[in-house]
Every structure is written in C-alpha cells, then in structure tokens.
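User: I am new to this structure and would like a close look at one part of it, the second largest pocket. Please take me through that part with care, and then turn to some other places in the chain.

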Amino acid sequence: MSYLTLTGIQKQFGTTYAVHEFNLSAEKGEFVSFLGPSGCGKTTTLRMIAGFEQPTAGTISIGGTDITHRPPNRRNVGMVFQSYALFPNMTVADNIGFGLRVRKRPKDAIHKRVDELLGLINLPDKGGRYPYQLSGGQQQRVALARALAIEPDVLLLDEPLSALDAKIRVALRKEIRSIQRQFGITTVYVTHDQEEALSLSDRVVVMSEGRIEQIGPPPDIYNFPATPFVASFVGTLNLLAAQVIDGATARLNLEGQEIRGSKPGAATGDRVTVAIRPETVEVGEAGGSNRLTGTIEDVSFLGSIVRTRVRIGNEASLSFDQFNDPGLAAGVVGDSIALSFPPEATLVLAGEANAGDALEQAIAES
C-alpha cells in the first residue's frame, strides 16, 4: 500500500512549468531517488513534499492524510539540506535536539534521544562541539541526526553529499542507507549523481524538464531505459541511428550492417535509435550473434578499464570497454576490428538519433 503519494503535482512560475504532471506512489520504508540534470524540477518537487513550496495543482498525502496545504512544521517531515544548515551558535547536541525542544519534549527524553543519535552517527564524543569544529562529513552526519530526531514520517535529502570529496561521499551514502533501513523511514533523495541514485535506491525517478522520464528499480533504469534521454543520462551508452528492416523480427540496418534488437516493436522502415552499453561489446565473435566491423578511432586508459572507440561506416561510432590487463595489448588507432554483442543487449528506442545532442545536453547540464 502506498505511503507517500504525489498525484498530478504541478508547479508553475509565471508561464514556466518547473514540474509537470508528477505522479508517484512510494511504499512505507522505500528509498526513492529523484535523478536528473540541474533545472529538471527534482528539488522543487522535494520542496513541495516538505511544504516549502506550494503546488500549483495536485495533491500530496502521507499515510493516507492529505498534507498538500499544511505548513512545514505540521507535516512531520525531516529534511537534510545540501548546505547542512546547522545553527553555528549551537553545540552539536543542541542542533540535534532542536526539533524536539520546539515540540516541547521533556529534557530527559531529549537528552536520551540525542545520545542515541550521536552513537548512531558515530560521533558519541562530539556533542559539546560546535559545527565549525567538525569536518564536512561530520557536519552532514549531524544534519542527518537532527532530521531523524523528530522521528519523521518521511525523510527528505536534497543533494546532501555534493559538497564532500569522493571517498567521504561513498562512506556516508553507505551510512545513510544503513540508517534508513534500520529506522524503516520512507526516504526521498535528490541527486544528479547517477552512481548515488543507482547504489542507494529501491527505485529511481529520472526527471527531465519538469517531467518524469522513467520510474523503476536501478537495474531496470540502467539496463532498460524507456527513452533516449534516460539512455543517454544514466551510465555510459552508445547511441546509434538505425533503420528497421523488419519490425516483426527486430532486424535493423546500422550503417549498412545488419543486427537484431532485443525485441520486436518498431515498424518496418522506421528510423530508430539503437542503445548499446560499452560493457556488453566484445572483440571477435564470442560476444553474441550481432556482428559489426569498423576502424579504431581512439583508445582511452581509464584506470580499471580501457575504452576503445570504433568508427562504424560513415556516421556512427561505438565504444567498448575491456578490463585493464597489463598483458593485453591495446588496440591501435587505424586498425580494422570486428566486434560482437548479443541481441538482448541491443535496445531499440523510438525516434531518429538526436542521440548525440541528447548526450551532450545531459553532460552539459549535469
């Protein structure tokens, strides 16, 4: 049964729609991430759940209760901001207990709850310090503890790790997920970082220009993108223009070479976009029944993998990944090469390949 429900949510600023026809039903204890480039409406949607913005249309309910027009302090929602937003003149303990004091909880109960949360965020001896005496990662833990102190019905996190370095981000996101599971709190997490969204979430909501592009579990979002935008924004992906030879058998013409798609769908003669992940492509014929030949354009060393880009025909380029092996000779630019991949790894998306433009836009906005 749905616990957090957004129905027909819209947010309009003047003549511009920041959020358009947003519908979501999240289960109790579910971790949902809003993923998309800057300006896609994900933070605006989060702020409407929190009560800091009022929707132009639609309703928001928690546990079956309509909260659309309730003020933020009557929603029992915890919020963690990107900037931490800790009170600089209060100690760590006072910051964590602030919401409980506002709700006039007994002092003993506040002290007990603060001690519990300090232990939970692994800062049991930092209660008497001030925010400026903590690292960025420690401050973000305090912000999380403050949001949890009131025992919220829903926890909202607005890009909480974006100001931290890579190693701390990885460590903290594991802690956030562990704490969320421990408390069983329905959580909405806003991020433009696809790795965060895919690693943390039960479901991911991919957004673009105020609209939902796709909702689904991380494997579905990555492996079966529903639109060219999702395909280009989530993960590294080859997007190539093709024409359907036979829609019933998913036979495609890609730069004069025939391949098969994962399933029938498009009509014979249609122009489509073919999406292929680099990790599904192999050198030679062992990768699957789809075969392409081309010329090596570029070889990039990326640490654990080596990415090779191959020119297919006159217009298309396809990249493939290989694990870095010191004993394996890399390809040479200009060499001819044969590649293979399975039909089930070949997604066919409706529409002609504005794929390059979509990819450039996604990179530019992220």
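Analyst:
**The second largest pocket**

In this predicted model, the second largest pocket holds about 520 Å³ of space. Its lining is made up of 20 residues, and those closest to the centre of the pocket are Val-77, Gly-78, Met-79, Gly-99 and Ile-150. Three elements, namely strand 6 (77-80), helix 2 (92-102) and helix 4 (136-149), each contribute at least two residues to the lining of this pocket. Sorted by class, the lining consists of twelve nonpolar residues, together with four polar and four charged ones.

Turning from the pocket to a strand, one finds that strand 14 (residues 271-276) is mostly covered, since five of its six residues are buried. Strand 14 pairs with strand 11 (residues 238-246) in the antiparallel sense, over six bridges, and within strand 14 it is Thr-273 that stands opposite Ala-241. Strand 14 also runs antiparallel to strand 20 (residues 347-350), to which four bridges join it, and here Val-272 has Ala-350 of strand 20 opposite.

A last place to look at is Arg-173, which sits in helix 5 (residues 166-183). With a relative accessible area of 10%, Arg-173 counts as buried because this value is under the 20% cut-off. Leaving aside residues up to four places away in sequence, Arg-173 touches Leu-161, Glu-195, Glu-196, Ser-199 and Leu-200, and its side chain makes a polar contact, at 3.4 Å, with the side chain of Ser-199.

Technical notes. Residues numbered from 1 in each chain as written. Predicted model: local features only at pLDDT ≥ 70, side-chain atom pairs only at ≥ 80, totals over all residues. Heavy atoms only, no water. Buried < 20%, exposed > 50% of the residue type's maximum accessible area, 1.4 Å probe, protein only. Polar contact = N/O pair within 3.5 Å; in protein donor to acceptor, adjacent residues only side chain to side chain. Contact = heavy atoms within 4.5 Å. Pairing = 2+ DSSP bridges. 1 Å grid on protein atoms, 1.4 Å probe; cavity = no way out; pocket = protein on both sides within 12 Å on 5 of 7 lines; lining within 4 Å. Points joined across faces, edges and corners; volume = space filled by probe spheres on them. Nonpolar A, V, L, I, M, F, W, Y, C, P; charged D, E, K, R; others polar.
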